[in-house]
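Student: Got a minute to go through this model with me? I'd like to talk pockets, surface and salt bridges.

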Amino acid sequence: MEKKSLYAMISALHRELSRYGNARLCGVDVSPIQMHVLFFLRHAEDDGRDICQREIEEEISMRASSVSIMLVNLEKLGFITRRYSDGSARTKVVELTKEGRSFCEEHRLMKENSDEIIKEVLTEDEQKELSDLIAKILTNIKEKNKKGEF
């Protein structure tokens, strides 16, 4: 049997995780990436931090135009609001609404279960090692993208 490339294995893992997330969000007008943004906002809120669109772009590695469209859709669903930052007419702060917070709470278990599926087959040392390796790979890819090498 031919050994799969790391890229093929990571792609397959991504597809399976996406299928799992999509199945759990069936009947809800929120994609897994939108869910990620909502949880990102929730964690920032819990930490007392304001989040601007640029931080969301960096968190999910998407272009400004794509993130802007996503935020418009989350606004239409009533999950977020956007307002101009106190000192800047150019920076918009993105905040969860009451409905957005409720939605996060209702779907928190789904997020925890998704994480548990990965963790249940790995020891704590393996989890740490995997996390470090993924971070290393992501940093390398992001640097190559910035330089236009990809």
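Tutor: Sure. This is a predicted model, and a good place to begin is the second largest pocket, where H6 gives the largest share of the lining, seven residues.

Student: Which helices each supply at least two residues of that lining?

Tutor: H3 and H6 each supply at least two residues of the lining of the second largest pocket.

Student: And what volume does the second largest pocket have?

Tutor: About 340 Å³. It has 14 lining residues, and Glu57, Glu58, Ser61, Lys142 and Lys146 are the closest to its centre.

Student: How does the lining of the second largest pocket split by class?

Tutor: Seven charged residues, four nonpolar and three polar.

Student: OK, on to the largest pocket. How much space lies in there?

Tutor: About 2400 Å³. The lining of the largest pocket runs to 42 residues, and those nearest the centre are His14, Leu17, Ile118, Ile134 and Leu138.

Student: What's the class breakdown for the lining of the largest pocket?

Tutor: 26 nonpolar residues, ten polar and six charged.

Student: Which helix gives the largest share there?

Tutor: H1, with eleven residues of the lining of the largest pocket. The elements that each supply at least two are H1, helix H2 (32-46), helix H3 (53-60), H5 and H6.

Student: Let's switch to the surface. Which residues form the nonpolar patch?

Tutor: Leu13, Leu17, Ile117, Ile118, Leu130, Ile134 and Leu138, with about 540 Å² of accessible area together. Two or more residues of the patch come from each of helix H1 (6-24), helix H5 (98-119) and helix H6 (124-147).

Student: Which of those gives the largest share of the patch?

Tutor: H6 does, with three residues.

Student: Ile134 has come up twice now. Where does Ile134 lie?

Tutor: Ile134 lies in helix H6. It belongs to the nonpolar patch, and it is also one of the residues nearest the centre of the largest pocket.

Student: Why does Ile134 count as partly exposed?

Tutor: Because its relative accessible area is 41%, and partly exposed covers the range between under 20% for buried and over 50% for exposed.

Student: Makes sense. Now salt bridges: how many does the structure hold?

Tutor: 13. One network links Arg42, Glu45, Asp46 and Arg101.

Student: Take me through that network. What do Asp46 and Arg42 do?

Tutor: Their side chains meet in a salt bridge, 3.4 Å from N to O. Asp46 and Arg42 are four residues apart in helix H2, so about one helical turn separates them.

Student: What about exposure for Asp46 and Arg42?

Tutor: Asp46 is exposed at 52% relative accessible area, while Arg42 is partly exposed at 23%.

Student: And which residue does Glu45 pair with?

Tutor: The side chain of Glu45 meets that of Arg101 in a salt bridge, 2.8 Å from N to O. That pair links distant parts of the chain, with Glu45 in helix H2 and Arg101 in helix H5, 56 residues apart.

Student: How accessible are those two?

Tutor: Glu45 is partly exposed at 30% relative accessibility, and Arg101 is partly exposed at 30% as well.

Student: Last one. What does Arg49 form a salt bridge with?

Tutor: Glu55, with the closest N and O atoms 3.8 Å apart. Arg49 is partly exposed at 40% relative accessible area, and Glu55 is partly exposed at 26%.

Notes: Residues are numbered from 1 along each chain as its sequence is written. This is a predicted model: local features need pLDDT of at least 70, side-chain atom pairs count only at pLDDT 80 or more; totals for chains, interfaces and linings use all residues. Side-chain values use heavy atoms; hydrogens and water are left out. Patches are made of residues with over 30% relative accessible area and no salt bridge: like charges are joined within 9 Å, nonpolar side chains (Val, Leu, Ile, Met, Phe, Trp, Tyr) within 5 Å. Accessible areas come from the Shrake-Rupley method with a 1.4 Å probe; for residues, only the protein chains shown count as cover. A salt bridge is a side-chain nitrogen of Lys or Arg within 4 Å of a carboxyl oxygen of Asp or Glu. Buried means under 20% relative accessible area, exposed over 50%, partly exposed in between (1.4 Å probe, protein chains only). On a 1 Å grid over the protein atoms alone, a cavity is a set of points where a 1.4 Å probe fits but cannot get out, and a pocket is an open set with protein on both sides within 12 Å along at least five of seven lines; lining residues have an atom within 4 Å of a point. Grid points are joined across faces, edges and corners, and a volume is the space filled by probe spheres set on the points. Ala, Val, Leu, Ile, Met, Phe, Trp, Tyr, Cys and Pro count as nonpolar, Asp, Glu, Lys and Arg as charged, and the others, Gly among them, as polar.
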